[in-house]
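This report concerns the packing of the interior and one of the pockets of the structure shown below.

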Amino acid sequence: MSNRRVNSITYGAIICALVGALLLINRQLANFLDVYLFWIIPLPVIVYSIKFGTRQSLIMAVAMVLTALITTGFQITTLFYVIGAVLAGLVYGYGLNHGRSATFLIMSVVLVSLVIAIVSTFVFSAAFGYNVAEEIEYLQTYIVEALQKVGLNPEDPSYKQFLNYQTLFQIYIIATVLTSLMEGVLVHLLAYLVLRRLKMTLPPMKPISSIYAPWWVKLFVFVTFFAYMASKFTGITQYDNIITPLLVVAQCFCFFFGYIFLMTMASALLRDRRKIMLVSFLVVALFAVFAQILVFMGIFDIYSGFRKRLVERGSANAEQNGQG
């Protein structure tokens, strides 16, 4: 038996044992770690796939699922999350081994996460203990109580249309999609950090300052905000159940690019890594304060092109200084 084969068996056994220990801890914590499994389990699968190839990782993945089957006590929910996480790691590792782009790597994880969310939340919700209708009703009650506490009338038309079940259901679906998107990005970033630490093949990573809004984002944000302002000025509210969820997505886009704009400006002005990290921490800690400010920054960034010119100017100066 070759050394490579012995190593693959040894590494696979270690990974399965670690995952089994994690699942035993999760079982003792009443499945508290279920939501974190999708972030943790793909990482060792990716590392193993890069080290020994996709074919060997399939065998290890089967062993990992069997280990989960034993350690979880045949709990369907946890086992389902483990299978999804293993599948995400396999697809990501396959893409990395075949030199696929960062978009492919991220979207592969996003699609797996989205399938898990759809199956567990909508298709077989009863088996997983979910009831979307009850959750939306609870959300309605929570919003009504919050409005009453600050002295606002929930029966006001501007609030009542937002509390409509159909509107909240659409927002719930959008939140599910955005959660899957964030999970894809998070797994990609974690994989980059782990693989860099292990000095292995790194996934392609584009600098965050070089991410610009594509034309379809510009069009979507413009049309959504225009429709929202038009409904407010004209008093036509029958389309608000469609506009409101789209407005949430548009604001998320603006917040994302606003955050990139702020961090790029901080990097250009402060030039001290510790100060930049402090700004990033403050933005996250004071999310409620900075949220709307970042949305306006995002609108400016999406349509102005100011950040792109700033980055290009900085790159040109760096090249000149390097030549000099």
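Setting aside neighbours within four places in sequence, I41 makes contact with V19, M64, V82, A85 and V86. The model in which these contacts are found is a predicted one. I41 also stands out in the largest nonpolar core: among the 34 residues of that core, I41 and M64 touch the most other members. Two or more residues of this core come from each of α1 (3–28), α2, α3 (42–52), α4 (54–71), α5 (76–97), α6 and α10. With 9 residues, α5 gives the largest share. A second core, separate from this one, has 11 residues, including L247, C254, F257 and I260. In soluble globular proteins, nonpolar side chains tend to be buried together.

The overall composition gives the setting for these cores. The protein has 15 helices and 0 strands. Of its 324 residues, 35% are buried. The exposed area is about 19400 Å², of which 68% is supplied by carbon and sulfur atoms. When contacts between residues at least 6 apart in sequence are considered, 73% of them join residues at least 24 apart.

The second largest pocket holds about 570 Å³ of space. Its lining comprises 20 residues, and V35, A117, Y130, T179 and E183 are those nearest the pocket centre. Helices α2 (37–40), α6 (102–123) and α10 (165–197) each contribute at least two residues to the lining. The largest share, 8 residues, is that of α10. Helices α2, α6 and α10 are also among the elements that give two or more residues to the largest nonpolar core. By residue class, the lining of the second largest pocket divides as follows.

| Class of lining residue | Count |
|---|---|
| Nonpolar | 12 residues |
| Polar | 6 residues |
| Charged | 2 residues |

A single residue of another helix, α8 (residues 132–149), may be considered next: Q140. Is Q140 buried or exposed? Q140 counts as buried because its relative accessibility is 19%, and the cut-off for a buried residue is under 20%. Not counting residues up to four places away in sequence, Q140 touches L163, N164, Y165 and L168. Of these partners, Y165 and L168 fall within the residue range of α10 (165–197), the helix that supplies the largest share of the lining of the second largest pocket.

Key:
Residues numbered from 1 in each chain as written. Predicted model: local features only at pLDDT ≥ 70, side-chain atom pairs only at ≥ 80, totals over all residues. Heavy atoms only, no water. 1 Å grid on protein atoms, 1.4 Å probe; cavity = no way out; pocket = protein on both sides within 12 Å on 5 of 7 lines; lining within 4 Å. Points joined across faces, edges and corners; volume = space filled by probe spheres on them. Helix = DSSP H or I, 4+ residues; strand = E, 2+ residues; numbered from the N terminus. Nonpolar A, V, L, I, M, F, W, Y, C, P; charged D, E, K, R; others polar. Buried < 20%, exposed > 50% of the residue type's maximum accessible area, 1.4 Å probe, protein only. Contact = heavy atoms within 4.5 Å. Areas by Shrake-Rupley, 256 points an atom, 1.4 Å probe, with all protein chains shown as cover. Core = buried A, V, L, I, M, F, W, Y, C linked by side-chain atoms within 4.5 Å.
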